[in-house]
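I opened my notebook to look up two things today: the aromatic rings and one strand. Here is what I was looking at.

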Amino acid sequence: MQGTTESIPENAVWIADSGVFIACGRQQRNKYTALERFAQRNEITFVIPQRVYEELGGAPDRSTPGQTPINSAIDTGWVTVADELDYTNPTVSSVMDGVRGFIARESNRSEDNIEKADTALGGVAAHLLESGKAASICVLTTDDDAGNGVVTAIEAHGFDGQITFKDGFELIAEIT
């Protein structure tokens, strides 16, 4: 389920979770700069679900006056916000339910307490694969349960071999 950077297909669409950006810290921090350079060097535009954007965009401006770090990343083109999810799409809603159930079982928590941003990672992946906008996906998150849950739910819908989970902490360590 979890892949090394080398095992991720070159054409994979990378879907990133808020934990990755939070782990990098402020814009001036080495980790944040390294993530930006990694994206640019590998011609990756990280896709973030709307819910992840809301988590990151709602944070106080700490780095650049008038600009949150995520908005700077969007403005410079190495991050983009996914379209709003269509919850009436049976594949999208089923994958999101699968992710929620997986996380609840693995973390021994009630499904009601699972973050909606975690399930949105699966929803975006399902939408991109089902619509043909992506042939393969790499889910980048610092939450092992969420990453493994997305992979399990996506593969359960017939997208075997088209999704990889990369631990955000490991990627940050590799690139810094």
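Aromatic rings came up before anything else: I counted five aromatic pairs in this predicted model. I started with F21 and W78, which make a tilted pair, 6.2 Å centre to centre with 40° between the planes. F21 sits in helix α1 (residues 18-24) and W78 in the loop between α4 (69-76) and β3 (79-81), so this pair ties together parts that are 57 residues apart in sequence.

Next I checked what else W78 pairs with. F46 and W78 form an edge-to-face pair, with 6.2 Å centre to centre and 75° between the planes. F46 belongs to strand β2 (residues 46-48), while W78 is in that loop between α4 and β3, so here the linked parts are 32 residues apart in sequence.

Are these rings buried or exposed? F21 and W78 are both buried. For W78 I noted a relative accessible area of 2%, and for F46, also buried, the value is 0%. I also wrote down the cluster that ring pairs link up: W14, F21, Y32, F38, F46 and W78.

New page: strand β5. Five of the five residues in β5 (residues 163-167) are buried, so the strand is largely enclosed by the rest of the structure. I looked at each face: I163, F165 and D167 are buried on one side, T164 and K166 on the other. That fits the rule that side chains in a regular strand alternate between the two faces of the sheet.

Which strand did I find joined to β5? Strand β4 (residues 137-141) runs parallel to β5, and five bridges join them. T141 has D167 as its bridge partner in β5. From β4 the chain crosses through helix α7 (residues 144-156) to β5, and I noted this β-α-β crossover as right-handed.

Methods
Residues numbered from 1 in each chain as written. Predicted model: local features only at pLDDT ≥ 70, side-chain atom pairs only at ≥ 80, totals over all residues. Heavy atoms only, no water. Buried < 20%, exposed > 50% of the residue type's maximum accessible area, 1.4 Å probe, protein only. Helix = DSSP H or I, 4+ residues; strand = E, 2+ residues; numbered from the N terminus. Pairing = 2+ DSSP bridges. Right-handed = clockwise from strand over helix to strand, strands pointing away. Phe/Tyr/Trp six-rings, centres within 6.5 Å; stacked < 30°, edge-to-face > 60°.
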